[in-house]
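Dear colleague,

Please find below the structure I promised to hand over. A summary of the findings follows it.

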Amino acid sequence: MNRRAFSTLGCPGASVDEVVALARTGRCEGIELRCAEGQLVYPGMPSAEAGRLAAALREAGLAVPALASYVQVAADDPGVVERLAGHIDLAARLGAAQVRVFGGGGDLADGRRERAVRHLARAAPIAEAAGVGLALETHDTFLTGAEVAAVLEAVGSPAVGAVWDAVNPWRAGESPERTAELLGPWLRHVQLKDVASPTDLRPVVPGHGVLPLPAVLEQLGRLGYRGWISLEWERAWYPDAAPLAEALPAFHRVLDAG
């Protein structure tokens with residue numbers, strides 16, 4: 001049985017107490033913490049504040065499977081590794097298992113994969129020493145399992161793995177079977193959601209959109225994946241979406257059926 005979580009992307013501005021209450025409405029044992037200004041967790045968060053949040057979540061019996069950063073590892077920027085190190089330190093203080101990262105670098109496509117490999121390879125020993133993983137998401141400039149796997153194979157570190165955002169490889173034309181095959185050796189975290197169509201990414205209650213969620217779950221079972229599955233309900237980007245409390249029961253029904 002996979003452990004279940006949800007991302008605070010679905011409840012922007014929520015307090016710790018509100019996040020804990022949402023988790024207690026179902027069977028979520030973890031909270032994927034979005035790391036952004038104005039949120040519960042943010043870049044440069046003081047150690048004491050991070051410690052208080054970690055203690056509150058532990059007291060509520062909630063783990064932190066991932067710190068969802070917005071660091072772009074393929075950016076042509078000398079500060080990438082420094083930002084990764086800061087997020088790794090924050091994740092360690094929060095007890096988070098992984099730091100989610102993006103590819104980025106879309107403004108300079110030439111050498112994008114090489115920059116991502118270089119930055120991740122330099123940050124990998126920092127992550128390993130802290131006991132925190134780095135996980136590259138199927139997103140933006142590395143949309144598919146094939147693109148993410150090519151980076152991770154070149155990095156070649158056990159401290160660096162993958163986040164499978166189920167929507168993105170599928171809308172790029174990569175089947176769940178192919179994504180699972182490619183990401184299997186590196187899979188560290190899974191984000192589920194549902195959408196209206198491959199070109200309309202507005203959140204749809206899980207199981208009521210067009211994403212082949214049963215096929216994704218079937219492939220996770222075939223891999224023997226026993227890690228976290230998190231609901232990424234993107235209400236921060238789509239404020240007209242239903243409240244997270246309405247999406248969570250459907251998320252649990254999809255996983256129960258799988």
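Which residues line the largest pocket? In this model, which is predicted, the lining is made up of Met-1, Asn-2, Arg-4, Leu-217, Glu-218, Leu-220, Gly-221, Tyr-225, Arg-226, Ile-229, Leu-255 and Gly-258. The volume of the largest pocket is about 210 Å³. Helix α8, which covers residues 213-223, gives the most to this lining, with four residues. Sorted by class, the lining of the largest pocket holds six nonpolar, three polar and three charged residues.

The second largest pocket has a volume of about 170 Å³. Its lining consists of 16 residues, and those nearest the centre of the pocket are Asp-165, Asn-168, Lys-193, Leu-201 and Glu-234. Two or more residues of this lining are given by each of α6 (167-171) and β9 (200-203). The largest share, three residues, comes from α6. In the second largest pocket the lining divides into seven nonpolar, two polar and seven charged residues.

Turning to enclosed space, the count comes to one cavity of 30 Å³ or more. The largest cavity contains about 30 Å³ of space. Its lining is formed by Trp-164, Ala-166, Pro-169, Trp-170, Glu-174, Ser-175, Pro-176, Thr-179 and Val-216. The elements that give two or more residues to this lining are α6 and α7 (176-183). By class, six nonpolar, two polar and one charged residues surround the largest cavity.

The nonpolar interior comes next. The largest nonpolar core has 80 residues, and within this core Phe-6, Leu-67, Leu-134 and Leu-192 touch the most other members. What does Leu-192 contact, once its neighbours within four places in sequence are left aside? The contacts of Leu-192 are Ala-166, Leu-213, Val-216, Leu-217, Ile-229, Ser-230, Leu-231, Glu-232, Phe-251 and Leu-255. Several of these contacts also appear in the linings described above: Leu-217, Ile-229 and Leu-255 are among the residues that line the largest pocket, while Ala-166 and Val-216 are among those that line the largest cavity.

A further residue to consider is Arg-113, which lies in helix α4 (residues 112-130). Is Arg-113 buried or partly exposed? Arg-113 counts as partly exposed because its relative accessibility is 43%, a value between the limits of 20% and 50%. Not counting residues up to four places away in sequence, Arg-113 touches Phe-142, Ala-150 and Val-151. Along the chain, Arg-113 and Val-151 are 38 residues apart, yet their C-alpha atoms are separated by 6.4 Å.

Finally, the cysteines deserve a note. How many disulfides does the structure hold? The structure holds zero disulfides. For Cys-28, which is in no disulfide, the nearest cysteine sulfur is that of Cys-11, 11 Å away. Two sulfur atoms must lie within 2.5 Å to count as a disulfide, so the 11 Å between Cys-28 and Cys-11 rules that pair out. Cys-35 is in no disulfide either, and the nearest cysteine sulfur, again that of Cys-11, is 15 Å away. Cys-28 counts as buried because its relative accessibility is 7%, and Cys-35 counts as buried because its relative accessibility is 3%; the cut-off for buried is under 20%.

With kind regards

Terms used
Residues numbered from 1 in each chain as written. Predicted model: local features only at pLDDT ≥ 70, side-chain atom pairs only at ≥ 80, totals over all residues. Heavy atoms only, no water. Core = buried A, V, L, I, M, F, W, Y, C linked by side-chain atoms within 4.5 Å. Buried < 20%, exposed > 50% of the residue type's maximum accessible area, 1.4 Å probe, protein only. Contact = heavy atoms within 4.5 Å. 1 Å grid on protein atoms, 1.4 Å probe; cavity = no way out; pocket = protein on both sides within 12 Å on 5 of 7 lines; lining within 4 Å. Points joined across faces, edges and corners; volume = space filled by probe spheres on them. Nonpolar A, V, L, I, M, F, W, Y, C, P; charged D, E, K, R; others polar.
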